[in-house]
Amino acid sequence: MRRFALRGARPLPQADSPSDPVARRDADRLLLRTVATSRRSAALLVLGVTVQSFTSLLVPASIAAALDSATREQGLALAVRPSVLLVLGVLASAAVLLGSVYASARATVWLRVSLARHVLALGQTGTRDIRNGDLVTRLVGNTSEAAEASYGLISLLSGFVTPVCGVLALWAIDWTVALAFVLTAAPITTISSRFFRSYSRNQSRYQEIQSELSAAFSDVTEGARSIAAMGTVEREIDRVLQPLTRLSAEGRESWAAQKKATWRSSLLAPVCEFTVLVVAGLNVTSGDISPGSLVAVTAYTAMALGLLDNLDPLARLARVRAAAGRLFDVLGRPAPAAGDVAPPPGPGALTLRSVTVTRGDQIVLDAIDLDILPGSKVAVVGRSGSGKSALAGVLGHLIAPDAGEVRLDGVLVSTMTPAARARSVVYAFARPEPLGRTIGEDITYGLNPEATDEEAVASARTARADAFIDRLPLGYRTPLHGLALSGGERQRLGLARAAARLRDARVLVLDEATSHLDALTDVLVSRALDTGTTEVAVTYRATTAARADVVLWMENGRIRAAAPHERLCDVPAYRSILAFDGSPSAAPRAAVRTHAKAEHDG
């Protein structure tokens, strides 16, 4: 009926983490894809920025031409041109604002949907090294920051293009004026590049610490009852807020980098402007340029000095780039290939060969070989961390094995379509999450959208959940949001959801799904769920193990023994991990004494 291997597993080679340059290139590619998601708004941004740049360039020349025409008594017709250009500049600014808002909104939607879908595709295996709070921070905060890619890139480009055009305009007026500007403003490139590198590193670390804070707060929220019961509220507050010191240090370092770059750039501005105006003034006195051109030189110099004001766009781009890097850390992980096999009906035979699951350096399942016959009832027992839930997870591919294969009726589970796997292997968990808007929708979740109320009622009756549901004012139409349920009631809803899917199921996996039920309800629900399908139950209850055809005793990721409960009950170590009469401490007194003596004598 079963086979299992006790040999050691070979750890899988771990891929090297990408170097910083590679990670930055990946983040840059993600930013370009983000920009491409809103091509129309990006085009509107480019158009608006282009018009802004041209109007900025033409306004000084128009003012200069109007001034020269007025001094030569040629009329004031040219004075209208600057006003027209100013109106165009205002319209262009409005286009830039509209395009940036629209581009950010579309990019945010695209990033959040892409990240959510990829996290679901990765499953437990792909994201087990990322805490839930960290994932939420990336999904909510980092996507919003990375979504500013279009505006950030285009505004930075504008911030460089417009000053460069100002330098070219200075060159068109007189090359000596442009040369004076270039020589005095050259150090700005060094200041900007150093600032961008330093600020980018600070922002990456800052966002990582923010996620650490969010993850710690999420953990504390989930464990609030335990913390209150242990009287460790103050200790947990100190632990959650511990990263604030590092967060503050990174924030101060970012401001220090920006302050240093700003005051250095500010020192260059008056020196540069003074030098350019001196050279231009000498050219006016020598007759090389006109007085109107001197006015244009003043305006173009101020425009060219915009190179010194690009620290804010650079800081924005650094934040956007850091956020994109954190998103790509998830999006860049290869998701398991979606299966395309729709297997024919089968009796529910499970075959595991050399199945290995690792978490970092830890081996969770160690080369498991196992055959489970169709229609058999298997209990999986063991201490915490022995690999019970991991074994349950690989049966329906909720956890992708790092090595080995799992077959259902001869078909590789990994090659089955997600819908076929969900129909064939049905799960119920110890802490089922509420799904759907109402209790009825929660029970029929994942079924045909046209599922009837009768199906929900029948499934609830199977899980012995109908009694407490009927006591609710709205019954099966009771909204889940804000509904206070006990652990046993929540488990019965999860079991009802599993019961609703049993019609097409080949395997039923119960991962401590009745741990909060009393012994009588546990027996009644188990009998109701017994429809002849193959059943694998992770449990600590002796009554559940006794009902099974065979018990798999897990230890350190391996199957220590596989035998009926009656035979294993003679082993004190086995009895010590089970709950008798619904309580782990209620094992027979003699068994505890024998076990303690054996340990002492061992």
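**Close-up views of a predicted model**

**View 1. A nonpolar patch on the surface draws its largest share, three residues, from helix α6 (residues 175–185).** This is a predicted model, as are the views that follow. The members of the patch are Trp 171, Trp 175, Leu 179 and Leu 183. Together these four side chains offer about 480 Å² of accessible area. Trp 171 sits in helix α5, which spans residues 149–173.

**View 2. Ser 254 is a buried residue of the predicted model.** Look for Ser 254 in helix α10, which runs over residues 243–285. Its relative accessibility is 4%, and because the cut-off for buried is under 20%, Ser 254 counts as buried. Which residues does Ser 254 contact, leaving aside neighbours within four places in sequence? They are Tyr 199, Asn 202 and Gln 203.

**View 3. Four strands make an open sheet in the order β2-β1-β4-β5.** The pairing in this sheet is antiparallel. Its edge strands are β2 and β5 (411–412), each of which pairs on one side only. Helix α13 (residues 388–395) packs on the sheet and touches β1 (350–359), β2 and β4. The direction of α13 makes about 125° with that of β1.

**View 4. Strand β4 (residues 403–408) meets β5 through two bridges.** The two strands run antiparallel. If you would like a residue to centre on, try Arg 407, whose bridge partner in β5 is Leu 412.

**View 5. Ile 372 lies in strand β2 (residues 362–372).** Is Ile 372 buried or exposed? With a relative accessibility of 4%, Ile 372 counts as buried. Here is a handy distance to check: the C-alpha atoms of Ile 372 and Leu 350 are 5.0 Å apart in space. In sequence, 22 residues separate Ile 372 and Leu 350.

**View 6. Strands β9 and β10 form a hairpin with two residues between them.** Strand β9 covers residues 550–555 and strand β10 covers residues 558–563. How many bridges join β9 and β10? There are five, and the strands pair in the antiparallel sense. Across the pair, Met 554 stands opposite Ile 559 in β10. In a regular strand, side chains point alternately to one face of the sheet and the other. In the turn, Asn 556 is worth a look for its backbone: Asn 556 has a positive phi of about 55°.

Conventions:
Residues are numbered from 1 along each chain as its sequence is written. This is a predicted model: local features need pLDDT of at least 70, side-chain atom pairs count only at pLDDT 80 or more; totals for chains, interfaces and linings use all residues. Side-chain values use heavy atoms; hydrogens and water are left out. Buried means under 20% relative accessible area, exposed over 50%, partly exposed in between (1.4 Å probe, protein chains only). Contact means heavy atoms within 4.5 Å. Patches are made of residues with over 30% relative accessible area and no salt bridge: like charges are joined within 9 Å, nonpolar side chains (Val, Leu, Ile, Met, Phe, Trp, Tyr) within 5 Å. Accessible areas come from the Shrake-Rupley method with a 1.4 Å probe; for residues, only the protein chains shown count as cover. Two strands pair if DSSP finds at least two bridges between them. Axes are lines fitted to C-alpha atoms, for helices over the stretch in contact, and angles run from 0 to 180 degrees between N-to-C directions.
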